[in-house]
Amino acid sequence: MRGLRARLVVVFAVLAGLSALTAAGLVYKQARDLMLTRTEWSVVNEFRLRVSTLTENMQHPPSRAALQQLANGVAPAFLDATGAAVYGDSGLVASGDAVAPLTPDLRRRVAAEQRLVYQRVVRDGDPYLVVGTPVLLRREGTPSGVEVYLVSSLHTEAADQEALVAAARNGVLPVLLLAVLFALVAAGGVLRPVRDLDRAARRLGAGELDTRLKVTGRDELARLVKTFNATAEALETNVSMARRFVADVSHELRTPLASILAMAEVIEEESARLDGDLPEAARLLNLEAGRLVKLVEDLMEISRFDAGAVGLVVDDVDVAQAVAASLRTRRWTSEVEVDVEPGVRVRLDPRRFDVVMANLVGNALRHGAKPVTVSLKKAQDIVIEVADAGPGVDPELLPRVFDRFSKADAARTRSDGSGLGLAIALENARLHGGSIEVGNRPGGGAVFRLTLPREPR
Ligand SMILES: Nc1ncnc2c1ncn2[C@@H]1O[C@H](COP(=O)(O)OP(=O)(O)OP(=O)(O)O)[C@@H](O)[C@H]1O
Ligand SMILES: [Mg+2]
């Protein structure tokens, strides 16, 4: 998600930056052209005017002094310019010494084209406008052989241009910063629905099948949200149908199975008097019938959790007594080391607590090995640890050991359970607002840690 956000911000910022730069560039170019044209135009006009005034009554051929006067006259102080005049092989008579920018090219063109010519030139990094014109003899209108030049510094214009660039740059930077800020906010806005969708998908994956999202707008994202809702709906329907089916099937199986188990017990009792394989067959029949009954009972219990048809019958309980009762019922008292101080009272559903303890201790005895210990650690909540000294939970199974029907590879263990025990135990712990965690001890053996609040949450 962060990657997408970063990419959006970059795209936004680049777009905003490009537009700001383009706009600034266009404004700059326009302003510069306007400025230069205006300057050129006014310098050239002033020059033309002065040349015509100054040459009105000029003697022909002109004296050197007249050329000097002409050169001085076309370059008034306010223009920041140098004037120059030339006649025949008089050489350049100038008003100052800044005539270097006068290019041979300009002089050639004035002579050849016999008209006013101007150029913009850069000399030693400084910009100049150079203008030249031939002087026509007033009466005949023919070339007099006099040429007048003006070298006008565009220094002020260059400074103005720099100021313009600085202004554009100073304008663009804040805009860019603003754009990045805006992009961050906007990206957040664009990504919020994506994040919501991500969270909802996770919730759905975690089993919250009633997860739906609000559809806003009619864009692609809204369509995606609609599709998500429809998918969640279909999933919820399918799962609830499957759950109903399991519930119904288990319910239907219960009564005939109970009869089968009862008859199997009778047959086993009577079979001792029979010969051959029959006593063994009767024993197996009884065993398998018992397992089937337990499987169906577990399935029905799971179905009740799925249907939300479960509640707590809470009682004030002494933990030590509750643990002891659980062990006693299953004749495990001598099998297990108990380290639970008496007098710790909590409020919980004793029947559900018994189901949890029975499975955790039963697992430790069946899948683990002795010594099995049940110990109480207290904190804000009560924590009961059931530890054994067996091989520990198969590392491959560990992440999904609480899933339904998850058992270690049958070939590797002598597991004969259904794999529903821990799933039911966890549901029961959660119903109290508690949890169960599992880990393997470094020295071998599994530890299951049941955490329950003092009062159901
Ligand atoms: N203390 C333990 N040591 C090693 N493996 C364990 C331990 N407890 C559970 N397991 C593994 O986790 C699996 C799942 O346990 P769970 O209690 O859910 O099912 P089960 O004991 O096989 O059957 P059920 O409890 O339904 O009769 C077990 O089959 C076993 O492989
Ligand atoms: Mg079990």
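# Contacts, metal site and backbone geometry in a predicted model

Trainee: Which backbone oxygen does the side chain of T37 reach?

Mentor: T37 is placed in helix α1, where helices are DSSP runs (H or I) of at least four residues and strands are E runs of at least two, numbered from the N terminus. At 48% relative accessibility, T37 counts as partly exposed; buried means under 20%, exposed over 50% and partly exposed in between (1.4 Å probe, protein chains only). The contact partner, at 2.4 Å, is the backbone oxygen of D33.

Trainee: On what basis are such values given?

Mentor: This is a predicted model, in which local features need pLDDT of at least 70 and side-chain atom pairs count only at pLDDT 80 or more, while totals for chains, interfaces and linings use all residues. Residues are numbered from 1 along each chain as its sequence is written, chains are lettered from A and ligands numbered from 1 in the order in which they are written, and side-chain values use heavy atoms, with hydrogens and water left out.

Trainee: Which residues are the protein donors of the magnesium ion (ligand 2)?

Mentor: Donors are N, O and S atoms within 2.8 Å of the metal (3.2 Å for Na, K and Ca), and sites may look incomplete because water is not among the atoms. The donor atoms here, one ND2 and one OD1, lie 2.1 to 2.5 Å from the ion. They belong to N359 and N363.

Trainee: How are N359 and N363 separated along helix α8?

Mentor: Both N359 and N363 are buried. Helix α8 spans residues 350–366. Because N359 and N363 are 4 residues apart in this helix, their separation is about one helical turn.

Trainee: How much of the accessible area of ligand 1 does the protein cover?

Mentor: Polar contacts (pairs of N or O atoms within 3.5 Å) join ligand 1 to the protein: a polar side-chain atom of N359 lies 2.9 Å from a ligand oxygen, and an N or O atom in the side chain of N363 is 2.8 Å from one. A backbone N or O atom of L420 also lies 3.1 Å from an oxygen atom of ligand 1. On its own, ligand 1 has 590 Å² of accessible area (Shrake-Rupley method, 1.4 Å probe). The share covered by the protein is 97%.

Trainee: Which element gives the largest share of the shell around ligand 1?

Mentor: There are 24 residues around ligand 1, and N363, H367, D388, S418 and L422 come nearest; a residue counts if one of its heavy atoms lies within 4 Å. By class, the shell has 9 nonpolar, 11 polar and 4 charged residues. The largest share, 4 residues, comes from α8.

Trainee: What is omega for the cis peptide bond that joins K370 and P371?

Mentor: P371 is placed in the loop between α8 and β9 (372–378). Another cis peptide bond joins H60 and P61, with omega about -5°, and P61 is in the loop between α1 (2–54) and α2 (64–74). For K370 and P371, omega is about 0°.

Trainee: Is R331, in the loop between α7 (319–329) and β7 (336–339), buried or exposed?

Mentor: Phi of R331 is near 55°, a positive value in a residue other than glycine. Q114, in the loop between α3 (104–113) and β3 (117–123), also has phi near 55° and is partly exposed, with a relative accessible area of 33%. R331, at 71% relative accessibility, counts as exposed.

Definitions and conventions:
Polar contact = N/O pair within 3.5 Å; in protein donor to acceptor, adjacent residues only side chain to side chain. Nonpolar A, V, L, I, M, F, W, Y, C, P; charged D, E, K, R; others polar.
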